[in-house]
Amino acid sequence: MTKPDVSIVLGSYNRIDFLKLAIESARKETATIPHEILVVDGGSDDGSLEWLALQKDVVTIIQYNRGTFRDQPIERRSWGYFMNLVFKCAQADAVLMMSDDTIFHDGAVKNGLQFFRDQMATGKKIGAVPFYFHDVDSDPADTYKISQLFGHPFLNHGIYYKEALAQVGYADETTYVFFAADADICYKLIHAGYAVLPCPTALMLHCPTHPMRQVTTPSDRWLGDVTALVNKWGGILVDKDVKIVEGFTDIQTITYHDTSGLGKLFDEAIRTAQSGTTSGLSSTHNDVVIGQIDARLASILTTLNYVAKQQDMGLQQQNRQNDIYHLDWLAFWNEWKAFNRPYYRRMLSTWAIFMPLRWLKNRRKG
């Protein structure tokens, strides 16, 4: 297998309408770049898992992170735990982390990879390349930013060097719940002598207004996580007496005027998500299930066709061995049935599954 040039990784949970935008954006940006896409899903119940199962170019890891199983609560895992699942599976040297509520501007991945390689070629020890992003309907117009904590830039979205990630032990899985874990990765890289250099030509859009965001993001943990970051790095990369202000991160900005209207892609996705919020299911859920039924029917037909061909080849070989070339049709039919009686039973059993699936598909369409 050819090693990909870039591994695009992301976490997702119950944002199927945004997830589709993110995956399609990644596909478009890597159409001419050897790549892989890896998603870790926290156990979505809005149709995301069913949809992901049909995406043959996406590797999906399911890590249930909510609810109960066998009458026991499922242990909640940290951001670091679930992102490490895809970080460690990534095969490329360049591991590009995006979110399920982001999309790329044209050329972002290509520009980011070229910047990463150019910096490495100069002899710099590059650990991470943050991409500049714009929060739709939140940031000032034409303003793209990268985040900093206590004077050090960190990566919300962008490229990690896989070798550097492995050297510093990937993400911290125990110290942080959600916030500051991404900053901690960059702190570890900086402390190990790697540079964190933002790429001003790799731009993304981030939409923080999905209806599920307030449900899934532990907003009460920001202060605790950032305090943990200061306790861990105080006297090393952070002043021990630094003042922590709730919700505050410093930023570096650049100006870019988007004439493409790319942000409008989120508008329809938000409307769709809002229409499905009360039921707990996305409005696209039925389409996803129908897609699964189609895939199942196609799989059954392919299997039947394959087995029939194998049986036919077996009969042909048997005929050649016995020099039987002129069987009349009745004799051939009786002999074939007797030879294949167990197969007929299997086929009829499969057909009994096939017909209800067809009925269910037609009913859902109706």
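These notebook entries record what I looked up in one predicted model of a protein chain.

**Entry 1. The chain overall**

I began with the secondary structure and found 12 helices and 14 strands in the protein chain. I then looked up burial: of the 366 residues, 46% are buried. For contacts between residues at least 6 apart in sequence, I noted that 79% join residues at least 24 apart.

**Entry 2. Helix H8**

I turned to helix H8, residues 222-233, and checked its length. The helix has 12 residues, which at 1.5 Å a residue should span 16 Å; I found the end C-alpha atoms 17 Å apart, so the two values agree.

Which residues of H8 are buried? I listed Trp222, Asp225, Val226, Ala228, Leu229, Val230 and Trp233. I also looked up what covers these buried residues, and the cover includes strand S9 (143-149) and helix H6 (181-191). Just after H8, I noted a positive phi of about 85 degrees at Gly235.

**Entry 3. Val226**

I selected Val226, which lies in helix H8, for a closer look. Its relative accessible area is 1%; the cut-off for buried is under 20%, and Val226 is therefore buried.

What does Val226 touch, leaving aside residues up to four places away in sequence? I recorded Phe150, Ala180 and Ile244. For one of these partners, Ala180, I looked up the separation: Val226 and Ala180 are 46 residues apart in sequence, yet their C-alpha atoms are 5.7 Å apart in space.

**Entry 4. Strand S11 and its partners**

I next followed the pairing of strand S11, residues 158-161. Strand S6, residues 94-97, pairs with S11 in the antiparallel sense over 4 bridges. Within this pair I located Val95 opposite Tyr160 of S11.

Strand S8, residues 126-135, also runs antiparallel to S11, and 3 bridges join the two. Here I found Val129 standing opposite Ile159 of S11. Tyr160 therefore faces a residue of S6, and Ile159 faces a residue of S8, although I keep in mind that in a regular strand the side chains alternate between the two faces of the sheet.

**Entry 5. The second largest pocket**

Finally, I examined the second largest pocket, which holds about 280 Å³ of space. I counted 16 lining residues, of which His134, Val136, Leu205, Asp258 and Gly263 are the closest to the pocket centre. How is the lining divided by class? I recorded 6 nonpolar, 5 polar and 5 charged residues.

Technical notes: Residues are numbered from 1 along each chain as its sequence is written. This is a predicted model: local features need pLDDT of at least 70, side-chain atom pairs count only at pLDDT 80 or more; totals for chains, interfaces and linings use all residues. Side-chain values use heavy atoms; hydrogens and water are left out. On a 1 Å grid over the protein atoms alone, a cavity is a set of points where a 1.4 Å probe fits but cannot get out, and a pocket is an open set with protein on both sides within 12 Å along at least five of seven lines; lining residues have an atom within 4 Å of a point. Grid points are joined across faces, edges and corners, and a volume is the space filled by probe spheres set on the points. Ala, Val, Leu, Ile, Met, Phe, Trp, Tyr, Cys and Pro count as nonpolar, Asp, Glu, Lys and Arg as charged, and the others, Gly among them, as polar. The expected span of a helix is 1.5 Å times one less than its number of residues. Buried means under 20% relative accessible area, exposed over 50%, partly exposed in between (1.4 Å probe, protein chains only). Contact means heavy atoms within 4.5 Å. Two strands pair if DSSP finds at least two bridges between them.
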